[in-house]
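Work through the exercises below with the sequence and the model side by side. Each task is followed by a solution that goes step by step.

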Amino acid sequence: MTEDFDVRLVEDVKSYTPDPAYRKNAWMPDYQKAYAEFMKNPEKFWEAQAKELDWIRPWDKVLEWNYPYAKWFTGAQLNITLNCLDRHANNSRRNKVALIWRGEEGRERIFTYQKLLSQVCRFANALKKIGVKKGDCVCIYMPLVPEQLIAMLACARIGAVHSVVFGGFGSAALNMRINDAGAKVIITADISIRRGKAIQLKAIVDEATVDAPTVEHVIVLRRREPLVDLQEIELDFHEMMAGMPDTCEPEVMDAEDPFFILYTSGSTGKPKGIVHTCAGYMVGTHYTSKNVFDIKENDTYWCTADPGWITGHSYIVYGPLAVGATVFISELTPDYPDAGSYWSLIEEQKITIFYTAPTAIRMFMKMGEEWPDKYNLSSLRIIGSVGEPLNPEAFEWYYRVIGKKRCPIVDTWWQTETGMIMITTVIGEPMHPGFAGKPLPGVIADVVDKEGKPVKPGTGGLLVVKSPWPSMLRTVYKDDERYRKYWYTIDGVYTVGDLAVKSRDGYIMILGRSDDIIIVAGHNIGTAEVESALVSHHAVAEAAVIGKPDEVKGNSIKAFVILRVGNKPGDRLRQDLLHHVRSTLGPIAMPHEIDFVDKLPKTRSGKIMRRVLKAKEMGMDPGDVSTLEE
Ligand code: WTA
């Protein structure tokens with residue numbers, strides 16, 4: 001399992017320790033002590049976390065564990081928006097800024113907690129008026145604007161299950177997600193704006209809803225003059241809100257009622273609808289937002305993800321708002337209008353906590369230190385990373401150039417499935433570049449072999465979680481077999497799908513995926529999804545896709561394509577295939593290279609051996625090829 005990976009330096013790692021003041025003032029000043037307390041009584045630990053929040057009715061039991069099914073805080077009733085909004089708006093944070101949005105050309109919008117609550121209630125009432133009820137699925141396909149968050153929170157207010165689809169997905173990907181979840185309503189916008197250009201979002205929705213029988217309404221945020229025409233089932237976002245009351249009784253949710261579905265790539269062509277429930281998710285994201293980012297009253301917190309990903313759900317919307325933070329969001333890309341855009345925003349907004357992805361950090365490294373050096377970044381207190389391994393070179397750069405050797409880096413490991421951060425280096429603890437850190441108090445994780453036995457320090461293995469945690473996925477929507485697979489791949493534990501190494505002092509280094517998922521610029525792409533998009537093109541007979549290491553994006557996609565008889569390979573067809581993948585799956589899934597081939601390596605049972613393709617591409621030994629066809 002380890003031969004593919006370079007597990008160098010595991011015992012010879014650098015270590016950085018932040019100024020002791022960080023530890024002294026942190027919400028979690030003593031990691032070892034907190035972890036020991038958790039281990040002494042896990043349920044008591046999580047109960048204490050839950051008690052920091054408001055509940056309509058308290059729980060009868062903290063955990064009912066019936067392997068592989070968990071129920072958390074059973075008997076409790078709640079509504080997460082009471083904690084994200086009312087709790088602050090009705091108290092001392094009434095006039096505190098909840099949300100600051102920055103668009104291109106200096107446009108800015110600011111919402112206090114009071115204003116955000118009013119807007120959410122008005123939109124919630126508008127949804128109710130068109131017949132959206134508790135348990136109905138609402139698909140949100142929007143750009144990064146305040147209305148995207150308002151739409152999510154309004155669904156939460158009335159107990160509708162949202163399925164947010166990242167605005168960069170193409171029409172086929174969107175259609176599949178709408179139909180799988182049976183969405184009743186779609187909320188979208190006419191356009192999203194990227195690098196000064198308008199992207200016609202609604203046109204993609206139009207295409208995606210041609211064959212979407214469950215959709216009753218499409219709500220459109222019209223951002224641009226002249227306003228786009230609306231068809232019969234289409235409604236204007238702001239017109240719907242006009243005249244609606246600005247209070248809305250929160251729907252009483254049971255602890256284990258479904259909260260949202262979020263699709264993630266799997267090893268088949270069909271994405272998995274990860275199902276999260278109400279109480280556990282709220283407790284997990286509140287606990288981690290507070291303790292990992294150490295959010296304090298005066299912080300201005302910026303997570304550069306999009307709410308369309310789990311990072312945005314947990315660490316833009318629900319976690320930070322539950323803590324009562326001031327959340328900054330921006331539709332700007334890191335390279336537009338120039339390579340200083342993010343640093344200028346940090347200076348302008350006096351951002352104190354900044355959370356981004358390794359792919360962005362590596363892009364910044366490439367663009368040069370002169371860009372961040374032009375701006376005053378001294379407001380920064382804590383900087384974070386998520387989505388793929390933060391390699392030591394990127395860590396060093398981030399630490400020195402952005403954090404000025406002063407800010408602790410929280411490299412946070414987690415997944416759509418885990419709902420919350422699971423492994424990181426808690427503020428104040430020594431940081432080891434390349435290692436995400438240790439399991440958070442509340443989490444028991446380890447690196448094991450295929451039989452589930454812990455591997456020796458310095459040896460590669462499979463990352464697993466050994467006990468249930470509140471914000472864990474409860475099932476895969478309409479496919480519980482796929483849920484069970486997480487817990488039955490190795491008996492008794494949750495198999496993550498990542499390869500990892502542990503150091504002697506318990507720090508975990510994540511090496512990458514162990515399955516057919518490629519992480520490209522932090523986005524999970526299933527090889528099978530790209531292959532089926534390629535095969536859906538009329539000229540393609542067969543396709544195989546592999547990930548190739550890429551200096552900035554972590555990985556890039558290379559496709560091998562066998563054409564149907566009568567089609568000629570060439571640049572035109574290559575462009576046509578790229579366009580096809582782009583419009584079906586979206587730009588994030590576009591291959592970087594396409595090779596036309598006559599044959600693909602297959603097992604005798606007909607399965608494509610991507611491992612062999614990859615080894616050949618990289619000039620490596622393909623390993624065991626005894627099952628190869630010829
Ligand atoms: C990878 C994103 C290394 C990992 C929150 C995981 C990471 C997958 C890290 C989940 C990290 C995420 N270091 N790898 N700090 N964070 N990953 O569902 O392979 O989009 O399994 O959730 O991203 O991706 P997802």
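A polar contact is a pair of N or O atoms within 3.5 Å. Keep in mind throughout that the model is predicted.

**Exercise 1. The ligand and its polar contacts**

Find how far a nitrogen atom of the ligand is from a polar backbone atom of G387, and then look at E388 and D498 in the light of the cut-off.

Solution. Begin with G387, where a polar backbone atom is 3.1 Å from a nitrogen atom of the ligand, a distance that falls within the 3.5 Å cut-off. Go on to E388, where a backbone N or O atom lies 3.2 Å from a nitrogen atom of the ligand. Finish with D498, whose side chain places an N or O atom 2.8 Å from an oxygen atom of the ligand. With these contacts in view, consider the cover that the ligand receives: on its own it has 530 Å² of accessible area, and the protein covers 96% of that area.

**Exercise 2. The shell around the ligand**

Describe the residues around the ligand, and say which helix and strands each supply at least two of them.

Solution. Start with the count, which is 17 residues around the ligand, and note that D411, T412, T416, D498 and R513 come nearest. Next, sort the shell by character, which gives seven nonpolar, six polar and four charged residues. Last, turn to the elements of the fold: α11 (310-323), β20 (409-412) and β27 (508-513) each supply at least two residues of this shell.

**Exercise 3. Counting disulfides**

Determine how many disulfides the model has, and explain the result for C84 and for C137.

Solution. The step of reasoning needs a cut-off, namely that the two cysteine sulfur atoms of a disulfide lie within 2.5 Å. For C84, the closest cysteine sulfur is that of C278, and because the two sulfurs are 12 Å apart, they are too far from each other for a bond. For C137, the closest cysteine sulfur belongs to C139, and at 6.9 Å this sulfur is also too far for a bond. The count for the model comes to zero disulfides. As for their surroundings, C84 is buried with a relative accessible area of 0%, and C137 is buried as well, at 7% relative accessibility.

**Exercise 4. Buried or partly exposed?**

Place S467, T527 and A198 in the fold, decide whether each is buried or partly exposed, and list contacts that lie beyond four places in sequence.

Solution. The cut-off needed here is that buried means under 20% relative accessible area. S467 sits in the loop between β24 (460-465) and β25 (475-476), and since its relative accessibility is 17%, it counts as buried. Leaving aside neighbours within four places in sequence, S467 is in contact with I444 and W487.

T527 belongs to helix α17 (residues 527-535), and it counts as buried because its relative accessibility is 3%. With neighbours within four places again set aside, the contacts of T527 are D516, I518, V545 and R610.

A198 is part of strand β10 (residues 197-200) and counts as partly exposed, at 27% relative accessibility. When residues up to four places away are not counted, A198 touches I191, S192 and R224. For a sense of distance, A198 and L117 are 81 residues apart in sequence and 30 Å apart in space, C-alpha to C-alpha.

**Exercise 5. Backbone angles to look at**

Locate the cis peptide bonds that join Y67 to P68 and E225 to P226, and the positive phi angles of R195 and A521.

Solution. First recall the background: most residues other than glycine have a negative phi, and most peptide bonds are trans. The peptide bond between Y67 and P68 is cis, with omega about 5 degrees, and P68 lies in the loop between β1 (61-66) and β2 (69-74). The peptide bond between E225 and P226 is cis, with omega about -15 degrees, and P226 lies in the loop between β11 (217-221) and β12 (234-236).

Turning to phi, R195 is not a glycine and yet has a positive value of about 50 degrees; it lies in the loop between β9 (191-194) and β10, and is partly exposed with a relative accessible area of 41%. A521, also not a glycine, has a positive phi of about 50 degrees; its place is in the loop between β28 (517-520) and β29 (523-526), and it is partly exposed at 23% relative accessible area.

Technical notes
Residues are numbered from 1 along each chain as its sequence is written. This is a predicted model: local features need pLDDT of at least 70, side-chain atom pairs count only at pLDDT 80 or more; totals for chains, interfaces and linings use all residues. Side-chain values use heavy atoms; hydrogens and water are left out. Buried means under 20% relative accessible area, exposed over 50%, partly exposed in between (1.4 Å probe, protein chains only). A residue is near a molecule or strand if one of its heavy atoms lies within 4 Å of it. A polar contact is a pair of N or O atoms within 3.5 Å; within protein, one must be able to donate a hydrogen and the other to accept it, and residues adjacent in sequence count only if both atoms are side-chain atoms. Accessible areas come from the Shrake-Rupley method with a 1.4 Å probe; for residues, only the protein chains shown count as cover. Helices (H or I, at least four residues) and strands (E, at least two) are DSSP runs, numbered from the N terminus. Ala, Val, Leu, Ile, Met, Phe, Trp, Tyr, Cys and Pro count as nonpolar, Asp, Glu, Lys and Arg as charged, and the others, Gly among them, as polar. Contact means heavy atoms within 4.5 Å.
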